[in-house]
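Here are some short exercises to work through with the model open beside you. Try each task before reading its solution.

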Protein chains: 2
Amino acid sequence: MAREFLHKLDGITEKNNSLVCVGLDVEMDRIPPFLRKEAKPVLKFSTALIDATADLVCAYKVNIAFFEAMGIEGLETFRQILGSIPSDVVKIVDAKRGDIGNTARMYAQSCFGYYGGDAVTASPYLGRDSLQPFLDYEDRCTFVLCLTSNPGSKDFQYLTDGEKPLYQRVAESVAGWNEKGNCGLVVGATHPEELMAVRRIAPELPLLIPGIGAQGGDVEQTVRFGTSADGKKAIINSSRGIIYASAGDDFAQAAREKTIELRDTINRWRVKP
Amino acid sequence: MAREFLHKLDGITEKNNSLVCVGLDVEMDRIPPFLRKEAKPVLKFSTALIDATADLVCAYKVNIAFFEAMGIEGLETFRQILGSIPSDVVKIVDAKRGDIGNTARMYAQSCFGYYGGDAVTASPYLGRDSLQPFLDYEDRCTFVLCLTSNPGSKDFQYLTDGEKPLYQRVAESVAGWNEKGNCGLVVGATHPEELMAVRRIAPELPLLIPGIGAQGGDVEQTVRFGTSADGKKAIINSSRGIIYASAGDDFAQAAREKTIELRDTINRWRVKP
């Protein structure tokens, strides 16, 4: 069903009064030492974090790279983690896939079908036909990379065709492809002015915004410039600042406290509906 | 060791007198029906193709998407297929990954470490720091997407900054990042004039060239414009035209014949060293 993702996102945003997305980018050597001695430490760590924060967030973003690096077993863990997220919370498979149509269909099947994501991240470089197989899943959402939070975003995303930079062309194109209400954009919090420009181009699209916390993005500007007119549709991600808040056996409680803090800071700047 | 990949590529190109790369993009419903009834049909199909063609090619390109779509078991098969490729033939993990540095490191570990690829394909959209973790593997090769073979390549790759289109900016940048002799570019055979332009920008870089056969790229132009001055460093990929040459129990022999045909057609147009 078209717009089903937006209903889900709005629903959980209201229920938990939160724009926070927790990024479960789990590296084995950063999880609490006491857990590493047990069986399935990554799974235990992740599900404990989900249990401790599921009433405080609108979404979890799980970056598949961290699990791919652990091989087949890691991907089994990835699937179990996604499966343990409560069904009313948005599950984002952060995969940044992009390939020609024939192949993109396989990635869509993997991310939406096999892993069961509500949303996926995808690269725009190969153009519309590379995204279409994702967009064919009308009840999910495809967040297309627009302006990323890393230093290398300067290398190509700002190239200007005489009028507008590439990242704005991507935003315009994706806004135009949003016929089914199942497109979104990824815009890094490290670029507040550009975030404002993207929000103008796409007033109603959900934005996935990484880059606050460890990467230095400012929360106030992210909320002011990133939310839609009614103070919603911004999914503000924090990974390391939350999940590694403590390396002790209080890691889940510490993550909960960091999540409350971030949620409340964000809500201070949100337009109230 | 720097330039180790180029030595390997030149060595196998000379040994097998071939620029052919066979793309093992295996879809379950396209493999011969008699094989589908057996255990591990995808693995059997792929290894039979490798056995039948390994003396005729310079490389195999295996697109991980097709295996991801089959879940965990598919990825185990992916690893076994890569492991069955003779050690002197180039193994390309076609993954088109691209993520921020912290995460790209995980993808590099997966593609080069866990799966043991000699080379990987990667997306340029996130810029240099997203590619650096791949480039840190000095003895492998990172083929960066430059101009792709699909219709959507027109959407962003041709955006021009007043002087040059994006795909040429990508080619220039990657040529500049090639300090260790471990960079390559992906350029679709469906754009012969642009292929010539990229070869001018990067006279010595290995080019991975998909798009002949089913996608319509012309072999003569691909060879003339895609090879380096000494008739090498072009890895010309064919997938469907070779691996699905027959749906009968002669599929491997049929694939061998198609590979010989392609190799010989390519060699007709090659500059002899």
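**Exercise 1. Find what turn and what shift lay chain B on chain A.**

Step 1: Chain B is laid on chain A by a turn of 180 degrees with a shift of 0.0 Å along the axis, giving an RMSD of 0.0 Å (copies are superposed by least squares on the C-alpha atoms of residues with pLDDT of at least 70 in both). Step 2: That is how a two-fold axis relates copies. Step 3: To find the axis from chain B, go to B:Asp161, whose C-alpha comes closest to it of the residues of that chain, at 2.1 Å.

A note before you go on: this is a predicted model, where local features need pLDDT of at least 70, side-chain atom pairs count only at pLDDT 80 or more, and totals for chains, interfaces and linings use all residues. Residues are numbered from 1 along each chain as its sequence is written, while chains are lettered from A and ligands numbered from 1 in the order in which they are written.

**Exercise 2. Describe the side of chain B that touches chain A.**

Step 1: Count the residues: 46 of chain B are in contact with 47 of chain A (contact means C-beta atoms, placed from the backbone, within 7 Å). Step 2: Look for the main supplier on chain B; H6(B) gives the largest share, seven residues (helices are DSSP runs of H or I, at least four residues, and strands are E runs of at least two, numbered from the N terminus). Step 3: Sort by class, and you get 18 nonpolar, 18 polar and 10 charged residues (Ala, Val, Leu, Ile, Met, Phe, Trp, Tyr, Cys and Pro are nonpolar, Asp, Glu, Lys and Arg charged, and the others, Gly among them, polar). Step 4: Compare the copies: 100% of the interface residues of chain B are also interface residues in chain A, so the copies meet through the same surface.

**Exercise 3. Decide whether B:Cys58 is buried or exposed.**

Step 1: Locate B:Cys58 in the loop between helix H3 (41–53) and strand S2 (59–63) of chain B. Step 2: Count the other C-beta atoms within 10 Å of B:Cys58; there are 28, so B:Cys58 is buried (buried needs 20 or more, exposed 12 or fewer, partly exposed in between, with C-beta atoms placed from the backbone). Step 3: Check its partners beyond four places in sequence, which include B:Leu9, B:Cys21, B:Val90 and B:Ile235.

Note on methods:
Two residues are in contact if their C-beta atoms, placed from the backbone, lie within 7 Å.
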